[in-house]
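Dear colleague,

I am handing over the structure we spoke about, and below it you will find my notes on what turned up when I went through it. Please read them with the structure open beside you.

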Amino acid sequence: MFNEYKKIYTEFNDVPKLEITTKKPFLLEVNKNGVKYEFFVRINKKSSKLLILGSGAYKPSTMTLPVFQRHSWIDELEESMIFYNDPTLYLDHLMLGWGFGDLKEHYLKNISMILKDLSDFFNYKNENIFYYGSSAGGFMSLMLASMMKSSTAIVNNPQTKVTNYYEVHVNKLMKTLDITKEIAETEYDSRISVLSSFKKHNYIPKVKYLQNSVVEHDINNHLIPFVSQLKEIDESVLTNEIQIDLYFNRKLGHNPVGKRKTIEYIKNAIN
């Protein structure tokens with residue numbers, strides 16, 4: 001699928017030293033301790049905005065890694081775009097990994113550091129960087145935005161706490177990591193909870209939160225706990241706007257709104 005694009009390989013510590021001359025979209029593979037972090041990059045130097053997109057669930061039986069959901073949208077938006085794959089998915093044919101990583105390294109944190117180096121390389125200011133994703137991609141967008149001050153998270157039906165999601169997916173990840181849900185919630189809480197990540201980084205990013213109000217699981221396990229627990233954050237960091245937009249669509253359920261509406265929502269959030 002991506003054979004037509006140039007592929008650039010580098011080591012984690014060498015990302016700031018990259019020399020990227022291609023003006024066309026390209027693939028980037030960054031190695032860190034034997035783990036490969038993969039990105040699909042389209043830079044438009046005429047735009048001062050950068051949109052970073054994460055993926056939700058994928059089917060190992062019908063798809064191959066890396067996964068860059070919505071990569072076909074590169075001609076639909078004028079902003080520069082970076083798509084990232086979650087290396088957690090390589091651990092055991094997982095459908096969802098939430099950027100957790102292994103027990104030694106938080107892969108999403110490493111992704112954040114690589115994205116920071118790339119955004120600096122291409123001269124994008126933090127306030128002009130926007131993270132988009134739905135479901136697990138929405139979770140990772142919220143987490144990444146908390147790691148980059150002044151950036152914005154744009155999310156659709158996200159998880160806000162991994163262990164509150166459906167047990168079949170949570171248990172698969174726990175089994176792969178060989179830990180219990182209780183250990184995940186205590187020793188690795190800042191990896192699985194958006195609120196815990198906010199607390200750890202002492203920062204709440206700007207958030208545009210789009211939620212289908214018909215999905216009770218999302219409302220009761222992710223949206224309501226997220227909103228109700230914001231009061232636990234130090235008031236000094238409650239300075240950015242969290243905008244929650246509800247819609248009602250029984251047919252879509254947990255699935256995100258369609259391409260046209262998603263692009264419209266992203267454009268409104270960016271502009």
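Ser-196 touches Asp-189 and Ser-190, if one leaves out residues up to four places away in sequence. Please keep in mind throughout that this is a predicted model. Ser-196 belongs to helix H6, which covers residues 194–201, and with a relative accessibility of 14% Ser-196 counts as buried, the cut-off being under 20%.

Leu-195 is also placed in helix H6, and Leu-195 is buried as well, with a relative accessible area of 4%. Apart from neighbours within four places in sequence, Leu-195 is in contact with Phe-226, Gln-229, Leu-230 and Ile-233. For one of these, Ile-233, the separation along the chain is 38 residues, while the C-alpha atoms of Leu-195 and Ile-233 are 8.1 Å apart.

Helix H6 also meets helix H2, and here the two axes come within 9 Å and cross at roughly 5 degrees. That angle makes H2 roughly parallel to H6, because angles under 35 degrees are counted in that way. On the H2 side the contact is made by Phe-139, Leu-142, Met-143, Ser-146 and Met-147, and on the H6 side by Val-194, Ser-197, Phe-198 and His-201.

Turning to the sheet, you will find that it is open and has 9 strands, in the order E1-E2-E3-E5-E4-E6-E7-E8-E9, with mixed pairing. Its edges are formed by strand E1 (6–11) and strand E9 (242–247), each of which pairs on one side only. From one strand to the next, the twist averages 20 degrees.

Within that sheet, I looked in some detail at strand E7 and the strands with which it pairs. Strand E6 (residues 129–134) and strand E7 (residues 152–156) run parallel and are joined by 5 bridges; along this pairing, Phe-130 stands opposite Thr-152 of E7, and Tyr-131 stands opposite Ala-153 of E7. E7 also pairs with E8, again in the parallel sense and over 5 bridges, and there Val-155 has Tyr-209 in E8 as its bridge partner. Helix H2 (residues 136–147) comes into this part of the structure too, since E6, H2 and E7 make a right-handed β-α-β unit.

How many of the 5 residues of E7 are buried? The count is 5 of the 5, so E7 is largely enclosed by the rest of the structure. Both of its faces are covered, with Thr-152, Ile-154 and Asn-156 buried on one side and Ala-153 and Val-155 buried on the other. A little further along the sheet, helix H7 (residues 216–228) lies across strand E8 (206–212) and E9, and H7 runs at about 155 degrees to E8.

Helix H3 (residues 167–177) deserves a paragraph of its own. Its buried residues include His-169, Val-170, Leu-173, Met-174 and Leu-177, and these cover an arc of only 130 degrees around the axis, which puts them on the same side of H3. The buried residues of H3 pack against helix H4 (181–187), whereas the face turned away from that buried side carries the exposed residues Glu-167, Val-168 and Lys-175. Just after H3, Asp-178 takes a positive phi of about 60 degrees.

Finally, there are some backbone details in the loops that you may wish to look at for yourself. In the loop between strand E4 (50–53) and strand E5 (80–84) lies Pro-66, and the peptide bond that leads from Leu-65 to Pro-66 is cis, with omega near 5 degrees. Trp-98, in the loop between E5 and helix H1 (107–121), has a positive phi, near 55 degrees, in a residue other than glycine, and at 1% relative accessibility Trp-98 counts as buried. Ser-150, in the loop between H2 and E7, likewise is not a glycine and has a positive phi, of about 85 degrees, but Ser-150 counts as partly exposed, at 32% relative accessibility.

With best regards

Notes: Residues are numbered from 1 along each chain as its sequence is written. This is a predicted model: local features need pLDDT of at least 70, side-chain atom pairs count only at pLDDT 80 or more; totals for chains, interfaces and linings use all residues. Side-chain values use heavy atoms; hydrogens and water are left out. Two strands pair if DSSP finds at least two bridges between them. Helices (H or I, at least four residues) and strands (E, at least two) are DSSP runs, numbered from the N terminus. Axes are lines fitted to C-alpha atoms, for helices over the stretch in contact, and angles run from 0 to 180 degrees between N-to-C directions. Contact means heavy atoms within 4.5 Å. Buried means under 20% relative accessible area, exposed over 50%, partly exposed in between (1.4 Å probe, protein chains only). A crossover is right-handed if, with the strands pointing away from the viewer, the path from the first strand over the helix to the second runs clockwise. The arc is that of the directions from the helix axis to the C-beta atoms. Angles under 35 degrees count as roughly parallel, over 145 as roughly antiparallel, 65 to 115 as roughly perpendicular and the rest as oblique.
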